[in-house]
Amino acid sequence: MTRFFLRMFDDAPELLLKNLTVEAVGPDRTFKIGGKWLRNFGSDSFLGLDQHPAVLAAIERGVREWGAHNGTSRAFTEVAPQGEAEAKVAAWLGTEDAVIYPSVTLANVGALPALTTRHDVIALDQYAHNSMEEGARVAKARGVRTAKFAHNDPADLDRVLRSLRPFRHAVVAVDGVYSMSGRLPPLTDFQRVARSHDGFLYVDDAHATGVLGTGGRGTVADALGDYENTLVVGSLSKAVSCLGGFVAGTRDAVEVLKMRSNSLIFGGPVPPPYLTAVCAALDVIGSPEYAALRGRLDANVSALVGGASDLGYTVLGGLVPIVSVLIGTEESTLRAGRFLFDAGYYVQSVVFPAVPHGAGVLRMQVNANHSAEAVDGLIGALAELRATLPAQGHDSPLVAAGRREAVSA
């Protein structure tokens, strides 16, 4: 893949829509790149709260009251908005406590090693997010045994945990929703297997935070009824449109993270203005306005999924506001992304290793503040693209994974 990309840089640099500079942003999720205005379907600010007046006012207030920086690691002090934001996250979710990291990646890389010792094991779904894999690698370097189980397969999880015996505790790490395929894990079955092996669930629900579940609380509470024997990881940088990630669960578990998680102890915290903004954004999500935002978002997602499917594309996802259209080879996927860019629509061309080799997708992220006209325009551009595409690889590994998930869901 390194040789492929180096060749593409030399032979067709215009296809690699990476490291682009956004020069300006406009209303209805538009932005300017290279002097050209485009409809931006690459934004994960799903609810559009990055432009919400209450959120912007909270950031301004935070700057005036606290400045732009905390000034120290949390190992020594923290600003009052830190505790306020964490308490608001926990109250919103319905957990005992929560702790905020600067990002979900830092949460996963720091939490998994902190929650385990050489007497414990970590079992990951084979398609678990890369940041959980990184956290497991750090834990493994400290003597924790790790293993993967077949995707969304409780029976294989049981087999893997049996093979890892003896151990004290097991951490079962899964995504709350798999962003590329849009499928959900069988959390009830995984919880049953974890309990039978002295384990607990660790659910990265970042892609569902704010956009799935009752009140936008994600997948865990609706699936399990509570957070007993479960830690949930969520994002404050996607639908909440601020900065950071959180781990929420029991007070004891959060206390362990505050004492043992290196990315929390030794890293810089989220700046105060964003902590005040988190509080404001969660107030919006907890208000009657959320129903209107969620309604617009769901309508836009449904329109795009339906339109792309009617054109004959293999569409993956759509449960969360990430809609992936299967293209195929790496070069074809990059060319398809460029085609849409030239038509005035920015989407993300995703190729190996983010997806299996030969299963490249156009990843479109839908927002509540996309106009119906913008969604219809993207569908029209996809129709023009369809006429230029070779036959798609319907039997690609990514599609096969989606089928397996559909069977198990």
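The following exercises, each with a worked solution, concern side-chain arrangements in a predicted model.

**Exercise 1. Surroundings of a buried aspartate**

Task: Determine where D175 lies, which side chain of opposite charge is nearest, and what D175 reaches with its own side chain.

Solution.
1. Locate the residue. D175 belongs to strand β7, which covers residues 170–175.
2. Look for a charged partner. D175 is buried and has no salt bridge. The nearest side chain of opposite charge is that of R363, 9.3 Å away. A salt bridge would require a nitrogen and a carboxyl oxygen within 4 Å.
3. Look for a polar partner. The backbone nitrogen of H129 is reached by the side chain of D175 at 3.1 Å.
4. List the surroundings. Apart from neighbours within four places in sequence, the contacts of D175 include Y127, A128, H129 and M132. P185, V203 and D204 are also among them.

**Exercise 2. Classifying aromatic pairs**

Task: The structure holds three aromatic pairs. State which geometry the pair F31 and Y346 has, and which geometry the pair F149 and F190 has.

Solution.
1. Recall the description. A pair of aromatic rings is characterised by the distance between the centres and the angle between the planes.
2. Apply this to F31 and Y346. Their ring centres are 5.7 Å apart and their planes stand at 55°, so the pair is tilted. An angle over 60 degrees would have been needed for edge-to-face, and one under 30 degrees for stacked.
3. Place these two residues in the chain. F31 is in strand β2 (residues 30–33) and Y346 in strand β13 (residues 345–346); with their positions 315 residues apart, the pair links distant parts of the chain.
4. Judge their accessibility. The limit for buried is under 20%. F31 has a relative accessible area of 6% and is therefore buried. Y346, at 14%, likewise counts as buried.
5. Turn to F149 and F190. Here the centres are 5.4 Å apart and the planes make an angle of 70°, and the pair is edge-to-face.
6. Place this pair in the chain. F149 lies in strand β6 (residues 145–149), whereas F190 lies in helix α7 (residues 187–196), 41 residues apart. Both F149 and F190 are buried.

**Exercise 3. Charges over rings**

Task: Identify which ring R165 lies over, and which ring the charged end of R386 sits over.

Solution.
1. R165 is placed over the face of F167, 4.1 Å from the ring centre.
2. The charged end of R386 is found over the ring of Y313, at 5.1 Å from its centre.

**Exercise 4. Salt bridges**

Task: State how many salt bridges the whole structure contains, and describe those formed by R74, E331 and R338.

Solution.
1. Give the total. The whole structure contains 18 salt bridges.
2. Begin with R74. The partner of R74 is E78, and the closest N and O atoms are 2.8 Å apart. R74 counts as buried at 14% relative accessibility, whereas E78 counts as partly exposed at 38%.
3. Continue with E331. E331 is bridged to R335, with 3.0 Å between the closest N and O atoms. Both residues lie in helix α13 (residues 330–342), four residues apart, or about one turn of the helix. E331 is partly exposed at 27%, and R335 is partly exposed at 42%.
4. Proceed to R338. R338 and D342 form a salt bridge at 3.1 Å. They too lie in helix α13, four residues apart. R338, at 22%, is partly exposed, as is D342 at 47%.
5. Look for shared partners. E133, E134, R137 and K148 are joined into one network by salt bridges that share partners.

Key:
Residues are numbered from 1 along each chain as its sequence is written. This is a predicted model: local features need pLDDT of at least 70, side-chain atom pairs count only at pLDDT 80 or more; totals for chains, interfaces and linings use all residues. Side-chain values use heavy atoms; hydrogens and water are left out. Helices (H or I, at least four residues) and strands (E, at least two) are DSSP runs, numbered from the N terminus. Buried means under 20% relative accessible area, exposed over 50%, partly exposed in between (1.4 Å probe, protein chains only). Lys and Arg count as positive and Asp and Glu as negative; His and the chain ends are not counted. A polar contact is a pair of N or O atoms within 3.5 Å; within protein, one must be able to donate a hydrogen and the other to accept it, and residues adjacent in sequence count only if both atoms are side-chain atoms. Contact means heavy atoms within 4.5 Å. Rings of Phe, Tyr and Trp (its six-membered ring) pair if their centres lie within 6.5 Å; planes under 30 degrees apart count as stacked, over 60 as edge-to-face and the rest as tilted. A charge sits over a ring if NZ of Lys or CZ of Arg is within 6 Å of the ring centre and within 35 degrees of the ring normal.
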